[in-house]
Amino acid sequence: MQPFAYSEPTTLAKATGAAAANADSRYLAGGQSLIAAMKLGLSAPAELVDLARLPELRGIKVEGNGAALTVGAMTPHAEVAASMEVGARIAALAALAGGIGDRQVRNRGTLGGSLANDDPAADYPAAVLGLAATVNTNKRQIAADDFFKGLFETALAPGELIMSVTFPVPKKAAYRKFRNPASRFALVGVFVAQTAQGPRVAVTGAGSRGVFRVKSMEQALARDWSAKALESILVPASELQSDLHASAEYRAHLVGVLAQRAVAEA
Amino acid sequence: MKIPFSLTVNGKPVSTEIEPRALLVEFLRGPLQLTGTHVGCDTAQCGACTVLVDGKPMKSCNMLAIQAQGANVTTIEGLAQGDALHPMQAAFRKHHGLQCGFCTPGMVLSAVGLAGQVKQPSEAQIREALDGNFCRCTGYHNIVKAVQEGLADMTA
Amino acid sequence: MTDTTVREKPASAAPQRATKPGGPIGARIERKEDARFLTGAGQYTDDVALPHQTYASFVRSPHAHARIRALRVDAAKGAPGVIAVYTGADIPQSVGGLPCGWLITGSDGKPMKEPKHPILAQGKVRHVGDPVAIVIAESAAQAKEAAQLVDVDYEALPAVVDVRDAMRKGAPAVHDEAPDNVCYVWALGDKAAADAAFAKAAHVTTLQLVNNRLIPNAIEPRACNATYSRADDSYTLYVANQNPHVERLLMTAFVLGLPEHKVRVIAPDVGGGFGSKIYLYAEETVCVWASKLVGRPIKWTAERGESFQSDAHGRDHVTRAELALDKDGRFLGMRVQTTAAMGAYLSTFASCIPTILYATLLAGQYRTPAIHCEVTAVFTNTAPVDAYRGAGRPEATYVVERLVATAAREMGIAQDQIRRRNFIREFPYATPVALTYDTGDYEACLDGAMKLADVAGFAKRKEEAAKRGKLRGLGYSSYIEACGLAPSNVAGSLGARAGLFEAGEVRVHPTGKVTVFTGSHSHGQGHETTFAQVVAGRLGIAVEDIDVVHGDTGRIPFGMGTYGSRSIAVGGTAIMKAVDKIVAKGRKIAAHLMEVSDADVEFADGKFTVKGTDKNVPFAQVALTAYVPHNYPLDKLEPGLDETAFYDPTNFTYPAGTHICEVEIDPQTGETKIVAFSACDDFGNIINPMIVEGQVHGGLAQGIGQALLEACVYDRDSGQLLTGSYMDYAMPRAADFPSFRVDTRVTPCTHNPLGVKGCGEAGAIGAPAAVINAICDATGAKDVAMPATSERVWRVVRENQGRA
């Protein structure tokens, strides 16, 4: 691993200030993707700004009489998975968090770290997009539909820090994931939700440009929220990822199956 | 550039200076000579490097030592009380839950970290809970039995 | 479920000494080695820190095939902490290539092609990960950073990684010495007889099979620490290795030209091997060579990525197989044509795996009268291929048991019936492929496995699964293996360049405590316990009073190490023979002490007793007398009680059994779950059932891993290793398996005194065919390629709708 400078600011201003002062700096959350990438030489920041001492980035809050949940960016997956608040209001989100990576990863990996990294096979992007969540940064609020910009790319500006994510509580929701047996990332993951604005279907793991919504499924579900309503809808394989682990054709098929199962479960 | 670093390892306070890029596992195996924590991969998947950080199993190969600043770290060397094995260690021995021993420290600590999470976990729950630890020798069969008994003995 | 049923057959009455009820033999004794492993006190190679330690990093080829146009090391040499950098050009002419220990002579009478395997690349690199240079520095991090500064100018060459491509006309040649990439073409069996059998067959089953390439993945990566002593011009090498004496012999005599007695090889605690740590590798050889130049110890520990690229891989066969049957399903003949990958260089035992350990097993458990097998071994631009758990025998079992299961389905014969109809029932049995099975009871294991698997209840379970929309299938695999490697004269006549005996020394200390030195090596198998049980049972002393030492050429007389499920059958027997010598000498001492003739003394329960009386001296007193020979027959007998024995087996051992796998498949996704796996095995007599079961479990996991999850994949165009980390190589996890159902039947081996056969590889040998047969049963498919990923199973489900 290349040497780097390290700071551990105790105020938000210092953290964002440190990042602003060094263009080659990176925020360090749980580090479960970043440190792995640095070990392999895939990432070599000049400075790490550790977010661990910023209590305002942690925790789970119920907002607006239970209409929404705000999860701090530095909340580890295990905490989201075990949270009574999350379990009671958005069980699908708790279950999703409980299925990320493995147990040790869930004890360190965080929501904010996952979203900032935007791995095309990560789980959280499906929940954020599927629930029409809002990403709250130190500068602005970004709607999920505007946040994800492709493979490992987001709307975050340099130095912009994710503070938390606000998830509107849906009428119902479910996440179905088909794991890559090696990495345990999503070969295909489908998040379905019946939200106040209508149904949403978000797919991770499969897209050649990262997480995406399946509008055709959403329209069908708007007419009839049932697994059956999705039976004849096939996502075009041409827009999906084909790799060592699965062909685009198989992924397209799985999107359909998992979406139906998620709807049935929700 | 080294920076000051303090934490508790196996109940003993440690104060030193460290390079920010040092991984926790490098710190444990190097300066502290706690070579029971093993490195089996470079992508944070095999779990041989698992230690308890404030009671929670984490992969010491995938965190900077400095991220354990102020934390309470338990390695395999800190589990037994003198000559008396921890109930989880004893259960692994009784059920032949180890062969070559290389994955064992991480596996045992991962299992210890399960205590209190689920009451009397089923076989399937234990298998799922070991998702962060590879064993190439045992086929996991006896590990699952050992974890089941070790957890029961820990709460007994 | 795991009770051991002992069924002894009069026909195979091996000596049954030391199997007294209540004794340590046959007991589930907790392992002596566990205390250190459970408390972090184990000492693996990377844990060894020597004074003035330096660290090595290897520069490796990023290309599958390339010419090295230029190599510049100045920048690396000037980097912080760097002590030395060496490349292929620095290796003296006198240093040889890494040798292959088995010469295969082709059907054309010519020896196999043996291109040089340099310890650092010379002129060309031939696979991704081929070592090009070593950088030695004050710290591992400095070595690694400096290694990135070594500037290699490569001219990329076309590469070939797939065995089918390697055989094509005009394929790039891996070595100039083998322009067609063929290492050898070798055959076994009577072709005319096999052809005649097919001519009269009522039914012929044909399969095209791929045995997928695997990466062994011991969780401890390979590692070494080499040091040179000016004081006595000697070297010490710590290395994660399964057979330190062989490592030393090959390295000194064949590569570095060092005096063998000036090199000590220590294989301390080793974190799994599965074959991959048998071999002499380039890295430790370079470190030993460089340690004298540097004058300080050099440590190298592989990163997992390096392990993926440079450990010897396993399997990688492409096979066309045919079985001829009469109208009743009796086997008439078998024809097999296999192309086997050798990789870029011949690894230590590479050449004998797809030949001697493969084609000889094609009779399986059956009386197939005519068998012919032709094997073409080819070079590819990949890591070398060598023995991986089972080594040839899993590939053979896969061919036989896929054929048998498919033939049964095609002919409408029940899976157990077709096997019963063809089982060998009389022993000894000479197969048409060069082996003579000494004993066995195949039907007993088949019945045992069917009971464990509750075959009778399967129809109901299948029906219940169908109601949930799931497919269920049962797959059988009745495997046999040739273990206890090996009779040296037989092996020698087949091309082995080494002996295959084992050595053991039993040192009785004056207080009656015992240290056993064995040439076989334990890296998870529990020798320290099992071998102590064997000695304790025979000497009538406590298991705790015996220590077993292994893995050190400086302490152990000699040894051939651990592979091929040989440790108890060959290593254990060598120890027994040494114990026999101890007892014989002890009898003379006791006779002297009791003033009777030697013939009147018998030894049992730790006491030398005058026959027919209760007059006795305990073993410990005899030991003390041997070392304090005041009242001692010094005119006839040397003092001391320390004996060494070498044992060369007279035959292979033949563990066998039946595995039955039950799968449940989600037809919509292809997801396949092993819902039950039952194994009933015959390993002969068993010393420690707990350890034996553990060996079976581990083997099953590797076999199931091969069938469902694991594949080493190289890009067919670029030759890049696509499965170069655990992100892409699917290692089995706990949730991939059910609890296994295991049981044993016993026909003791007839030609070793313990009656043991070996158990280390059985699971990996039997399981793959059982899993694939189960998937075929569930889906109606004729074949599904390994690993049967969800996508592959989903496709065969679609293609075979309504056939199951």
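These are my notebook entries on the contacts and one sheet I looked up in this predicted model.

**Entry 1: chain A against chain C**

I began with the place where chain A meets chain C. The contact draws on 20 residues of chain A and 22 residues of chain C. I then looked up the buried area, which comes to about 1600 Å² between chain A and chain C, with carbon and sulfur atoms giving 51% of it. Which three residues of chain A supply the most of what that chain buries here? They are Ala182(A), Leu244(A) and Tyr250(A), and together they supply 30% of the area that chain A buries against chain C.

Next I went through the charged and polar pairs. There are three salt bridges between chain A and chain C. One of them is worth bringing up on screen: Arg795(C) bridges to Glu249(A), with the closest N and O atoms 2.7 Å apart. I also noted twelve residue pairs in polar contact across this interface, both partners at pLDDT 80 or more.

Which element gives the largest share of chain A's side? I found helix H11 of chain A, residues 248-265, with six residues touching chain C. Sorted by class, chain A's side holds ten nonpolar, six polar and four charged residues.

**Entry 2: the two domains of chain A**

I stayed with chain A and looked inside the chain. The domain assignment splits chain A into domain 1 (5-168) and domain 2 (172-265). Their centres, taken over C-alpha atoms, are 23 Å apart. Each domain puts residues into the contact: 21 from domain 1 of chain A and 21 from domain 2 of chain A.

For the area buried between these two domains of chain A I have about 1700 Å², and carbon and sulfur atoms give 61% of that. How many salt bridges cross between the domains? I have three down for domain 1 and domain 2 of chain A. In one salt bridge I looked up, the side chains of Arg200(A) and Asp145(A) meet at 2.9 Å, N to O. Polar contacts between the two domains of chain A come to twelve residue pairs, again with both residues at pLDDT 80 or more.

Then I asked which elements on the domain 1 side give two or more residues to the contact. My list for chain A reads helix H5 (91-97), helix H8 (124-130) and strand S8 (148-150). H8(A) provides the largest share, five residues. By class, the domain 1 side of chain A that touches domain 2 has 14 nonpolar, four polar and three charged residues.

**Entry 3: the two domains of chain B**

I put the same kind of questions to chain B. The assignment here gives domain 1 (3-78) and domain 2 (87-155), and the C-alpha centres of the two domains of chain B lie 21 Å apart. In chain B, 17 residues of domain 1 are in contact with 13 residues of domain 2. The area buried between them is about 1100 Å², with 67% from carbon and sulfur atoms.

Which residues of domain 1 of chain B lose the most area to domain 2? I wrote down His38(B), Thr50(B) and Ile76(B), together 41% of what the domain 1 side buries. The salt-bridge count between the two domains of chain B is zero. I did find three residue pairs in polar contact between these domains, with both residues at pLDDT 80 or more.

For elements, strand S3 (50-53) and strand S4 (56-59) of chain B each supply at least two residues of the domain 1 side that touches domain 2. S3(B) gives the most, with three residues. That side of domain 1 of chain B divides into seven nonpolar, nine polar and one charged residue.

**Entry 4: a sheet in chain C**

I closed with a sheet in chain C. It is an open sheet of three strands in the order S4-S2-S6, with antiparallel pairing. Which strands sit at the edges? They are strand S4 (124-125) and strand S6 (151-156) of chain C, each pairing on one side only. I followed strand S2 of chain C (residues 66-72) along S6(C), and the two pair in the antiparallel sense over six bridges. For a landmark in this pairing, I picked out Ile68(C), which stands opposite Tyr154(C) in S6(C).

Methods. Residues are numbered from 1 along each chain as its sequence is written. Chains are lettered from A and ligands numbered from 1 in the order in which they are written. This is a predicted model: local features need pLDDT of at least 70, side-chain atom pairs count only at pLDDT 80 or more; totals for chains, interfaces and linings use all residues. Side-chain values use heavy atoms; hydrogens and water are left out. Contact means heavy atoms within 4.5 Å. Buried area is the accessible area (1.4 Å probe) that two parts lose on being put together, summed over both. A salt bridge is a side-chain nitrogen of Lys or Arg within 4 Å of a carboxyl oxygen of Asp or Glu. A polar contact is a pair of N or O atoms within 3.5 Å; within protein, one must be able to donate a hydrogen and the other to accept it, and residues adjacent in sequence count only if both atoms are side-chain atoms. Helices (H or I, at least four residues) and strands (E, at least two) are DSSP runs, numbered from the N terminus. Ala, Val, Leu, Ile, Met, Phe, Trp, Tyr, Cys and Pro count as nonpolar, Asp, Glu, Lys and Arg as charged, and the others, Gly among them, as polar. Domain bounds come from an automatic or database domain assignment. Two strands pair if DSSP finds at least two bridges between them.
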